[in-house]
Amino acid sequence: MATKLPTTGIRLGADTILRRKGALPIVCLTAYTYPIARLLDPHVDLLLVGDSVAMVLHGHETTLGASLDMMIAHGQAVMRGSAKACVVVDMPAGTYEDSAEQAVASARRIVGETGCQAVKLEGGVDMAAQIAAIVAADIPVMGHIGLQPQSVEKDGGYKIKGRTDENVAALIADALAVEKAGAFSVVIEGTIEPVAADITRRLAIPTIGIGASSDCDGQILVIDDMVGLTVDRVPKFVKQYADLRSVIAHAAERYASEVRNREFPGRAHVFSKTNGGDEEA
Ligand code: KIV
């Protein structure tokens with residue numbers, strides 16, 4: 001049985017994030033599980049249950065491995081593990097692109113089954129109708145423009161955006177379309193610095209950068225990349241703040257050695273008659 005979270009009284013909503021435009025930078029991280037949400041919640045403004053979970057925790061090659069059920073299960077865990085952060089759950093590929101009706105139905109399922117504060121979807125001009133329809137259904141939406149991992153197969157890789165005049169114009173059009181459709185914020189991923197900074201100046205909604213610009217209104221990283229847990233590819237733009245892979249590998253090495261040498265379990269880790277009557281494990 002999980003211990004109860006300390007209540008802080010107020011969980012941040014999309015409206016609070018929106019009001020942070022141009023103010024104190026908005027601190028965001030991804031989270032996928034209950035214990036990580038508990039650890040991060042006191043330090044962040046926003047927790048994103050990103051569809052990166054498909055790669056990071058489930059070992060899929062791309063985020064296209066994420067499903068609605070997967071996102072909902074992780075969204076529920078993050079909601080249980082947080083009390084203060086605004087929780088946003090990603091809409092996985094294939095659950096919103098076809099029509100505004102499909103997008104609203106999927107967003108309703110996510111919010112209804114997790115209780116999260118908002119959903120996020122990838123796309124700009126091409127997804128404006130979906131964003132507007134979800135917002136009209138009273139569900140706050142975070143946009144995601146620039147490098148869009150759900151388009152990695154179509155794009156032929158994780159390509160940095162904003163390197164040609166044509167692409168810059170398309171990015172600006174995407175950003176404005178997302179804002180006009182009613183999104184409360186927008187992630188700008190893998191976009192050259194001056195373009196991300198320019199878009200931030202043009203928009204009245206906060207921009208959340210990842211591989212973008214320190215001028216963005218907030219920053220986000222994938223938690224496993226940030227703490228050095230990611231097994232496969234770590235993008236160039238990540239700053240690693242810890243090396244948990246080494247910590248876990250060393251712990252596993254010591255444990256294996258102690259089990260093989262019969263050093264573990266020791267006296268403190270076993271039960272004897274003298275330990276007491278109805279003690280718990
Ligand atoms: O899925 C994800 O983790 C994301 C972030 C990288 C923004 O979309």
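Which residue, with a positive phi, follows helix 11? I started my notebook there, keeping in mind that this is a predicted model.

**Entry 1: helix 11.** I looked just past the helix and found Arg262, whose phi is positive, near 55 degrees. Then I checked the helix itself, which covers residues 244-260. With 17 residues at 1.5 Å a residue, I expected a span of 24 Å, and the end C-alpha atoms are indeed 24 Å apart, so the two agree.

**Entry 2: the nonpolar cores.** Next I turned to the inside of the protein. In soluble globular proteins, nonpolar side chains tend to be buried together. Here I found 61 residues in the largest nonpolar core, where Leu47, Ile134 and Ile199 have the most contacts inside it. I picked Ile134 for a visit: setting aside residues up to four places away in sequence, Ile134 touches eight neighbours I could list, namely Met91, Ala103, Val104, Ala107, Val119, Leu121, Ile139 and Val141. Another core lies apart from the largest one; this other core has 16 residues, including Ala14, Phe184, Ile208 and Ile220.

**Entry 3: the ligand.** What surrounds the ligand? I wrote down Thr30, Leu48, Gly50, Asp51, Ser52, Asp90, Lys120, His144, Ile210 and Val222. I then looked at three of these side chains in turn. An N or O atom in the Asp51 side chain sits 2.9 Å from a ligand oxygen atom. For Asp90, the distance from a side-chain N or O atom to an oxygen atom of the ligand is 3.1 Å. Lys120 places a polar side-chain atom 2.9 Å from an oxygen atom of the ligand. Last, I noted how covered the ligand is: alone it exposes 260 Å², and the protein buries 96% of that.

Key. Residues numbered from 1 in each chain as written. Predicted model: local features only at pLDDT ≥ 70, side-chain atom pairs only at ≥ 80, totals over all residues. Heavy atoms only, no water. Helix = DSSP H or I, 4+ residues; strand = E, 2+ residues; numbered from the N terminus. Expected span 1.5 Å × (residues − 1). Core = buried A, V, L, I, M, F, W, Y, C linked by side-chain atoms within 4.5 Å. Buried < 20%, exposed > 50% of the residue type's maximum accessible area, 1.4 Å probe, protein only. Contact = heavy atoms within 4.5 Å. Near = heavy atom within 4 Å. Polar contact = N/O pair within 3.5 Å; in protein donor to acceptor, adjacent residues only side chain to side chain. Areas by Shrake-Rupley, 256 points an atom, 1.4 Å probe, with all protein chains shown as cover.
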